[in-house]
Amino acid sequence: MADPMKIRANVSGDSTEVKVLMNHEMETGQRKDANGATIPAWFIQNVTVTYGGKTVLSAQWGPAVAKNPFLAFKFKGGAKGEKVQITWVDNKGDKRTDEAVIA
Amino acid sequence: MNTARRQVLKTGGGVTMLTLLAAAGWLKPGDAQAQTWNKVAFETKSLDETVKAMGGAAPAQSKDITFFSTPDIAENGAVVPIGVTSAIPKTESIAILVEKNPNMLAAIFEIPPGTDPSLSTRVKMGQSSNVYALVKADGKFYMASKEIKVTLGGCGG
């Protein structure tokens with residue numbers, strides 16, 4: 001399984017700001033290696049962020065998202081001490097879920 | 001015997017197991033994720049095709065979509081920060097497209113009610129190009145564009 005994500009979730013006013021840094025190659029499938037063979041595409045396709053069992057953001061990504069993807073957004077509500085959970089699935093079927101306590 | 005289930009049980013209790021279950025999509029299948037990936041949309045090569053693949057018609061230009069913390073000139077095309085805010089009511093999704101990439105569509109974000117229609121991420125750009133923010137609100141599509149100059153491409157080898 002891939003390396004863990006770095007997640008930061010902070011309450012600001014009446015919403016919670018979530019910042020995520022994921023660890024992933026995000027290979028485009030356009031590049032070639034030293035022998036001229038195409039490096040197969042390998043990238044995160046789906047990202048889901050849930051809070052309290054409810055999805056607060058879901059995304060579909062293509063290979064054009066940068067390596068080690070970064071994502072920041074805000075959702076209404078969210079209490080200190082509660083957890084946000086983030087899951088990604090890549091095109092090889094690998095997946096990873098991490099969670100962070102809201103501060 | 002269901003070996004997958006055995007393995008999950010063996011892996012342990014508490015939080016670890018809950019995350020595993022959630023990851024496997026067994027926990028509240030409705031909420032956990034409706035995992036779909038719009039293959040057709042991600043393979044399109046023009047704005048019109050992409051919008052069509054996402055189920056819409058020609059998008060209207062909108063001044064209510066703004067870019068934030070997005071550079072005019074990106075030194076490194078492999079990592080270009082893009083921030084998009086939509087002030088259009090009932091924004092349902094925000095997509096980011098890069099005109100001159102091999103496939104235009106970079107990402108689609110579904111915004112459920114309660115989440116701010118504003119987010120930032122980082123994309124790759126092969127060369128200087130227009131970047132489009134495509135917003136779906138109340139069933140209609142809107143767009144805004146911004147030109148970003150890239151001094152070092154992100155898709156070379």
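These notebook entries record what I looked up in a predicted model of chains A and B.

**Entry 1. Confidence**

I began with the scores of the predicted complex. The predictor gives an ipTM of 0.93 and a pTM of 0.82. For chain B, I found an average pLDDT of 81, with 75% of the residues at 70 or above. I then looked at the elements of chain B: strand 4 (residues 80-86) has the highest mean pLDDT, 96, and helix 3 (residues 29-32) has the lowest, 38. I noted that the pLDDT is below 50 over residues 12-34 of chain B. In the model this stretch nevertheless has 29 contacts beyond near neighbours in sequence.

**Entry 2. The contact between the chains**

I asked how many residues each chain gives to the contact. Chain A gives 38 residues and chain B gives 36 residues. On the side of chain B that touches chain A, the elements giving two or more residues are helix 2 (14-23), strand 6 (105-110) and strand 7 (115-123). Strand 7 of chain B supplies the largest share of that side, eight residues. By residue class, I recorded 18 nonpolar, twelve polar and six charged residues on this side of chain B.

I next looked for strand pairing across the contact. Strand 4 (residues 54-61) of chain A pairs with strand 6 of chain B in the antiparallel sense, over four bridges. Within this region, Gln60(A) has Ile108(B), in strand 6 of chain B, as its bridge partner.

**Entry 3. A sheet built from both chains**

I traced an open sheet of six strands in the order 1(A)-2(A)-5(A)-7(B)-4(B)-2(B), with antiparallel pairing. Its edges are strand 1 (6-12) of chain A and strand 2 (65-68) of chain B, each of which pairs on one side only. Direction ignored, neighbouring strands of the sheet are turned by 15 degrees against each other on average.

**Entry 4. The chain A part of the sheet**

I followed strand 2 (residues 15-21) of chain A through its pairings. Seven bridges link this strand antiparallel to strand 1 of chain A. Here I listed Lys6(A) with its bridge partner Leu21(A), and Ser12(A) with its bridge partner Ser15(A). The hairpin of these two strands has two residues between the strands, and Gly13(A) takes a positive phi near 65 degrees in it.

Strand 2 of chain A also runs antiparallel to strand 5 (residues 70-76) of chain A, joined by seven bridges. In strand 5 of chain A, Phe70(A) is the bridge partner of Leu21(A).

Which side chains of strand 2 of chain A are buried? I found that the side chains alternate: Thr16(A), Val18(A) and Val20(A) point to one face and are buried. Ser15(A), Glu17(A), Lys19(A) and Leu21(A) point to the other face and are not buried.

**Entry 5. Gly55(B)**

I located Gly55(B) in the loop between helix 5 (47-53) and strand 1 (60-61) of chain B. Is this residue buried or exposed? Gly55(B) counts as exposed because it has 11 C-beta neighbours inside 10 Å, and the cut-off for exposed is 12 or fewer. I also checked its separation from Pro71(B): the two are 16 residues apart in sequence and 30 Å apart in space, C-alpha to C-alpha.

Methods:
Residues numbered from 1 in each chain as written. Chains lettered and ligands numbered in written order. Predicted model: local features only at pLDDT ≥ 70, side-chain atom pairs only at ≥ 80, totals over all residues. Contact = placed C-beta atoms within 7 Å. Nonpolar A, V, L, I, M, F, W, Y, C, P; charged D, E, K, R; others polar. Pairing = 2+ DSSP bridges. Axes fitted to C-alpha atoms, helices over the stretch in contact; angles between N-to-C directions. Buried ≥ 20, exposed ≤ 12 C-beta atoms within 10 Å, placed from the backbone. pLDDT = per-residue confidence, 0-100.
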